[in-house]
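Student: I have a structure open and no idea how to read it. Could you walk me through some features?

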Amino acid sequence: MFRFGLRRFATAAEAASPYGIKVSKAQGSVNGFVGAIGNTPLIRLGRLSEETGCDIYGKAEFMNPGGSVKDRAALYVVKDAEEKGLIKPGGTIVEGTAGNTGIGLAHVCRSKGYKCVIYMPNTQSRGKIDLLRLLGAEVFPVPAVAFENPENYNHQAKRHAEKTENSVWTNQFDNVANRRAHIETTGPEIWAQLGGKLDGFTCATGTGGTLAGVTRYLKEVSDGRTECWLADPPGSVLFSYITSGGKLNERTGGSITEGIGQGRVTDNLKPEIKLINNALHISDEKSIAMVYRLLDEEGLYMGASSALNVVAAYELAKKLGPGKSVATILCDGAYRYADRLFSKKWLDSKGLYEAIPEHLRKYIVLE
């Protein structure tokens, strides 16, 4: 009787969640932190899909174990160093990063037994520095200067690695292992999750790895049918570079988004730049409004970069027309940015308070 009762509940559970059981069987268990990176869900965004007559999807990269899409790049640049024999057990990984790559690297290094050293602009929040140190990284905040300046945080990271025994600078911007991560994982996952039915893909770029890698895979597997568009914030030169056919303008201005936008074409992006169909320029006003829409309409607590990507997917869907499917990247959640994104004082200081629809201002709960 007792056994029958247990079987009844087990059968009912399997019937109630057949998809969950199927996914769990396929995934099985994983080995440590690095085994949990990737294979994130693809979420259909209901309200935006209804408005456009398309299916708009967000790849839930905030569900990676380190909390962002950068876990993938972090793992692959470390794997690349191991495969090339550039680092031995107990060695030191050094990187110049202002955000999530550093957090991903700190996690990966802890799981693999490496030391982690991070150079970052001293304009970054105290909370971000404290988090990296909590994860065991040694952090060097340095003056924020242009990439061309030898004191730029990336160049300082490189010099640190050169003078440290058993150390490697992972060089996220120009190390194409970053791009490889998305050719081998992110792109194939999106394609498989949609059963090969994808008309458009768009996302912003910082290092270029995600956009370049996913674009390369999707263009090959779809025989060029899937359109791939850059989403670019204010202050970046890449929108003008792509829409002008290769003219690189001087970088001016800035954006509330972090970790995206670029003043140059990185080595990760360079091989695939001609595969990118076009580009969308997304204003901060549109991005901040989408942060609030996603929270209100989808229950998704997303950072500004994720929101920018969703705005771009929405605009691309409208360009492609009803019945099409479009995917983008939900890079990370709002947890690391809440003190700004939901603060009236901060929104006022950026001139963005009025960009938030009146009925959504109820979520502005911080002073």
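Tutor: Happy to. Let's begin with what counts as a helix: helices are DSSP runs of H or I with at least four residues, numbered from the N terminus. Keep in mind that this is a predicted model. Now for a first case: N178 has its place in helix α9.

Student: Is N178 buried or exposed?

Tutor: N178 has a relative accessible area of 1%. Buried means under 20%, so N178 is buried.

Student: And how far is N178 from A74, in sequence and in space?

Tutor: Along the sequence, 104 residues separate N178 and A74, yet their C-alpha atoms are 7.6 Å apart. You can ask the same thing of P322, which belongs to the loop between α13 and β10. Its C-alpha atom is 9.8 Å from that of E50, with the two positions 272 residues apart along the chain. P322 counts as exposed because its relative accessibility is 68%.

Student: You mentioned α13. How do I read a helix?

Tutor: Start with the general idea: an α-helix has 3.6 residues a turn, so residues three or four places apart point the same way. Then try a length check. Helix α13 covers residues 304–320, and at 1.5 Å a residue its 17 residues should span 24 Å; the end C-alpha atoms are 24 Å apart, which agrees.

Student: How many residues of α13 are buried?

Tutor: The count is 14 of the 17, so α13 is largely enclosed by the rest of the structure. Look just after the helix too, where G321 takes a positive phi of about 100°.

Student: What should I make of a positive phi?

Tutor: Most residues other than glycine have a negative phi. That makes N166 worth a look: its phi is near 50°, a positive value, and it isn't a glycine. You'll find N166 in the loop between α8 (153–162) and β6 (167–169). N171 is another case, with a positive phi of about 55° although it is not a glycine either. Its loop runs between β6 and α9.

Student: How do N166 and N171 stand for accessibility?

Tutor: N166 counts as partly exposed, at 27% relative accessibility. N171 comes in at 18%, so it counts as buried.

Student: Next, the rings. How many aromatic pairs are there?

Tutor: The structure holds 4 aromatic pairs. In one of them, the ring centres of Y292 and F342 are 5.1 Å apart and the planes meet at 50°, so the pair is tilted. This pair links distant parts of the chain: Y292 is in helix α12 (residues 284–298), while F342, 50 residues away, is in the loop between α14 (338–341) and α15 (344–349). Y292 counts as buried, with 0% relative accessibility, and F342 is buried at 5%.

Student: Can you show me another one?

Tutor: Sure. The rings of Y301 and Y335 have centres 4.9 Å apart and planes at 75°, so this pair is edge-to-face. Here too distant parts of the chain are linked: Y301 sits in the loop between α12 and α13, and Y335 in the loop between β10 (325–330) and α14, 34 residues apart. Y301 is partly exposed at 23% relative accessibility, whereas Y335 is exposed at 67%.

Student: Which residues do ring pairs link into a cluster?

Tutor: Ring pairs join Y292, Y301, Y335 and F342 into a cluster.

Student: Where does a charged end sit over a ring?

Tutor: One place is F147, where the charged end of R264 sits over the ring, 4.1 Å from its centre. Another is Y353, with the charged end of K344 over its ring, 4.6 Å from the centre.

Student: Last topic: how do I read a pocket?

Tutor: Rolling a probe the size of a water molecule over the atoms shows where empty space is left. In this model, the second largest pocket holds about 380 Å³ of space. Its lining includes Y19, G20, N39, P41 and E189.

Student: Which helix gives the most to that lining?

Tutor: For the second largest pocket it is α2, with 5 residues. Both α2 (18–27) and α9 (177–193) supply at least two residues each. Sorted by class, the lining has 6 nonpolar, 5 polar and 1 charged residues.

Methods
Residues numbered from 1 in each chain as written. Predicted model: local features only at pLDDT ≥ 70, side-chain atom pairs only at ≥ 80, totals over all residues. Heavy atoms only, no water. 1 Å grid on protein atoms, 1.4 Å probe; cavity = no way out; pocket = protein on both sides within 12 Å on 5 of 7 lines; lining within 4 Å. Points joined across faces, edges and corners; volume = space filled by probe spheres on them. Nonpolar A, V, L, I, M, F, W, Y, C, P; charged D, E, K, R; others polar. Buried < 20%, exposed > 50% of the residue type's maximum accessible area, 1.4 Å probe, protein only. Expected span 1.5 Å × (residues − 1). Phe/Tyr/Trp six-rings, centres within 6.5 Å; stacked < 30°, edge-to-face > 60°. Lys NZ or Arg CZ within 6 Å of the ring centre and 35° of its normal.
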